[in-house]
Amino acid sequence: MAIHSIESESQEERQGGSASARTVKSADRTTHLLEVLARSPCPLSLTELQRELDWPKSSLYMLLQTLVARGWLQVEPRTGAYGVGVRALLAGTAYLDHDPVVQAASPVMSRLRLEIDETIHLARLDGCDMVYLASRESQHHPRIFSRVGRRLPVHATSLGKALLAVRTVYEVDAMLPLRLPQLTENTVTDRNRLHQQLALFRERGYAFEREENSIGLCCFAVALPYRRPAFEAISCSVPIDRLDAAHERRVVGALLDAAREITQNLRRNAA
């Protein structure tokens, strides 16, 4: 058995590590498939997934069945379409349970929500998107769409603008896609105008947007500079019809204080 094992390993090495390459390809396809389904607003059929991924239908079907059996995917009984399963939720929950930024920000966010009674968000930069890590909902408007796990383009959120503002013009241009997607009629998609916004936000120390991703909402955000450049930010969403100058000053001041406290907690825990 030992001789056979050594001979098998030597044969794989002579083939350029083909077994290892196959393993990596399989893992890459699995994660790619999960990401496609996670981004989709609805379950996708085998045909739709094959069209999106351009993989052989037989191998895609076998991968889907494996993930369904393991609980990472689930099948719609009526349509046979595939969606993300409960195992993905458990993995995501474990990620949040062990994330130091979420843990440091959680009590501060809860206290901030009680102080100003507005919806509070924590999000992290991932590529050219913001991923929402935690939220505290206001009593005034519990119907906020920025749920935990949601991704939004970095240029269309106050959270993203706050993080872009702590980077140079060249770094911002390198991060952004060639075409900036438009989420509402108010989304800033012109690069020059976006850079003008960011210059203003650098001066003020906080960012904001008005109805750029959700009609009827204004959002303010502050970066958490416990590491440089910052990758996380905290924000507050306020319905425009309830926003006046005094409330805006109160929200911004509370956000700046909360960001300082979270940053100090993170640096203290890392020491």
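# Exercises on a predicted model

D99 lies in the loop that runs between α5 (86-98) and α6 (100-116). The model is predicted, and the exercises below read it element by element.

## Exercise 1: the loop residue D99

Task: Determine whether D99 is buried or exposed, and find which backbone nitrogen lies 3.0 Å from a polar atom of its side chain.

Solution.
Step 1. Place the residue: D99 belongs to the loop between α5 and α6.
Step 2. Check the accessibility. The relative value for D99 is 6%, and the limit for buried is under 20%, so D99 counts as buried.
Step 3. Look for the partner of the side chain. A polar atom of the D99 side chain lies 3.0 Å from the backbone nitrogen of V102.

## Exercise 2: the aromatic rings

Task: State how many aromatic pairs the structure holds, classify each pair by its geometry, and say which residues form the aromatic cluster.

Solution.
Step 1. Count: there are two aromatic pairs in the structure.
Step 2. Take F201 and F208. Their ring centres are 5.0 Å apart and their planes make an angle of 65°. Planes over 60 degrees apart count as edge-to-face, so the pair of F201 and F208 is edge-to-face.
Step 3. Take F208 and F220. Here the centres are 6.3 Å apart, with 45° between the planes, and the pair is tilted.
Step 4. Locate the second pair in the chain. F208 is in strand β6 (residues 207-210) and F220 in strand β7 (residues 217-223); the two are twelve residues apart, and the pair links distant parts of the chain.
Step 5. Join the pairs. F201, F208 and F220 make up one aromatic cluster.
Step 6. Add the accessibilities. F201 is buried at 2% relative accessible area, F208 is buried at 15%, and F220 is buried at 0%.

## Exercise 3: charges over rings

Task: For R29 and R167, find which ring each one lies over and at what distance from the ring centre.

Solution.
Step 1. For R29, the ring is that of W55: the charged end of R29 sits over it, 4.8 Å from the centre.
Step 2. For R167, the ring is that of F231: R167 lies over its face, at 4.9 Å from the ring centre.

## Exercise 4: strand β8 and its neighbours

Task: Describe how far strand β8 is covered and in what sense β3 and β7 pair with it.

Solution.
Step 1. Count the buried residues. Strand β8 spans residues 232-239, and eight of its eight residues are buried.
Step 2. Separate the two faces. One side carries E232, I234, C236 and V238, the other A233, S235, S237 and P239, and both sides are covered.
Step 3. Examine β3 (residues 119-126). This strand pairs with β8 in the antiparallel sense over six bridges, and H121 stands opposite S235 in β8.
Step 4. Examine β7. The pairing of β7 with β8 is antiparallel too, over seven bridges, and L217 stands opposite P239 in β8.
Step 5. Inspect the connection. P229 lies in the loop between β7 and β8, and the peptide bond joining R228 and P229 is cis, with omega about 0°.

## Exercise 5: positive phi

Task: Compare the locations and accessibilities of D54 and D117, two residues other than glycine with positive phi.

Solution.
Step 1. Read the angles. Phi is near 60° for D54 and about 50° for D117.
Step 2. Place the residues. D54 is in the loop between α3 (46-53) and α4 (57-70), while D117 is in the loop between α6 and β3.
Step 3. Read the accessibilities. D54 is exposed at 65% relative accessibility, whereas D117 is buried at 15%.

## Exercise 6: helix α6 and the whole protein

Task: Describe R111 in helix α6, then give the overall composition and burial of the protein.

Solution.
Step 1. R111 is in helix α6 and is partly exposed, with a relative accessible area of 44%.
Step 2. R111 and R136 are 25 residues apart in sequence, and their C-alpha atoms are 9.6 Å apart in space.
Step 3. The protein contains ten helices and eight strands, and 43% of its 271 residues count as buried.
Step 4. Among the contacts with a separation of 6 or more, 54% come from residues 24 or more positions apart.
Step 5. The accessible surface comes to about 15,300 Å², and 53% of it belongs to carbon and sulfur atoms.

Key. Residues are numbered from 1 along each chain as its sequence is written. This is a predicted model: local features need pLDDT of at least 70, side-chain atom pairs count only at pLDDT 80 or more; totals for chains, interfaces and linings use all residues. Side-chain values use heavy atoms; hydrogens and water are left out. Rings of Phe, Tyr and Trp (its six-membered ring) pair if their centres lie within 6.5 Å; planes under 30 degrees apart count as stacked, over 60 as edge-to-face and the rest as tilted. Buried means under 20% relative accessible area, exposed over 50%, partly exposed in between (1.4 Å probe, protein chains only). Helices (H or I, at least four residues) and strands (E, at least two) are DSSP runs, numbered from the N terminus. A charge sits over a ring if NZ of Lys or CZ of Arg is within 6 Å of the ring centre and within 35 degrees of the ring normal. A polar contact is a pair of N or O atoms within 3.5 Å; within protein, one must be able to donate a hydrogen and the other to accept it, and residues adjacent in sequence count only if both atoms are side-chain atoms. Contact means heavy atoms within 4.5 Å. Accessible areas come from the Shrake-Rupley method with a 1.4 Å probe; for residues, only the protein chains shown count as cover. Two strands pair if DSSP finds at least two bridges between them.
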